[in-house]
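Visitor: I am new to this structure and should like to understand the terms used for it. Might we go through them one by one?

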Amino acid sequence: MPKRILVVEDDPLVAMMLEDALGALGHDIVGDAGDIASALRHIATGEFDAAIVDVYLESGLPCDAVAEALATRSIPFLVATGGFVGQPGPCWNDRPILAKPFTVDSLEAALASLAQQ
């Protein structure tokens, strides 16, 4: 199961809740990114095992560039969404979904599914 996690979430409250839950589950948060540019900077370092990526950042902009960068580097990621219905692009295909609002149990199950990919 991944241990070092990047959180890509623009809602500070949701990001904080994710970080708290990840910490409770024994994971290290290597950083959080509230916008696409900072997420891409983190991805360039590659110093994490997996990511949790909100589908839409920055006032509704799709986060396809982040998903594509993660997929290119073969870094597994969860799709975090509160209302995501379809796949905005092929980079999102077959990714585990973490529905918001999430629970610690649903987060743990979603992370476990990453280990099976």
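Guide: Certainly. This is a predicted model, and we may begin with Lys100 and Glu9, whose side chains meet in a salt bridge.

Visitor: Why is the contact between Lys100 and Glu9 called a salt bridge?

Guide: A salt bridge requires a side-chain nitrogen of Lys or Arg within 4 Å of a carboxyl oxygen of Asp or Glu. For Lys100 and Glu9 the N to O distance is 2.7 Å, so the pair meets the definition.

Visitor: What makes this pair a tie between parts of the chain?

Guide: Lys100 lies in the loop between β7 (97–99) and α4 (104–115), and Glu9 in the loop between β1 and α1 (12–24), so the parts tied together are 91 residues apart in sequence.

Visitor: Why is Glu9 called buried?

Guide: Buried means under 20% relative accessible area. Glu9 has 4% relative accessibility, and therefore counts as buried.

Visitor: Why does Lys100 count as partly exposed?

Guide: Partly exposed lies between the limits of 20% and 50%. Lys100 is at 21%, so the term partly exposed applies.

Visitor: How do you know that Lys100 also forms a salt bridge with Asp54?

Guide: Their closest N and O atoms are 3.2 Å apart, and the cut-off is 4 Å, so this pair qualifies. Asp54 lies in strand β3, and the pair ties together parts that are 46 residues apart in sequence. At 7% relative accessibility, Asp54 is buried.

Visitor: What makes Glu9, Asp54 and Lys100 one network?

Guide: They are joined by salt bridges that share partners: Lys100 pairs with Glu9 and with Asp54.

Methods:
Residues numbered from 1 in each chain as written. Predicted model: local features only at pLDDT ≥ 70, side-chain atom pairs only at ≥ 80, totals over all residues. Heavy atoms only, no water. Helix = DSSP H or I, 4+ residues; strand = E, 2+ residues; numbered from the N terminus. Buried < 20%, exposed > 50% of the residue type's maximum accessible area, 1.4 Å probe, protein only.
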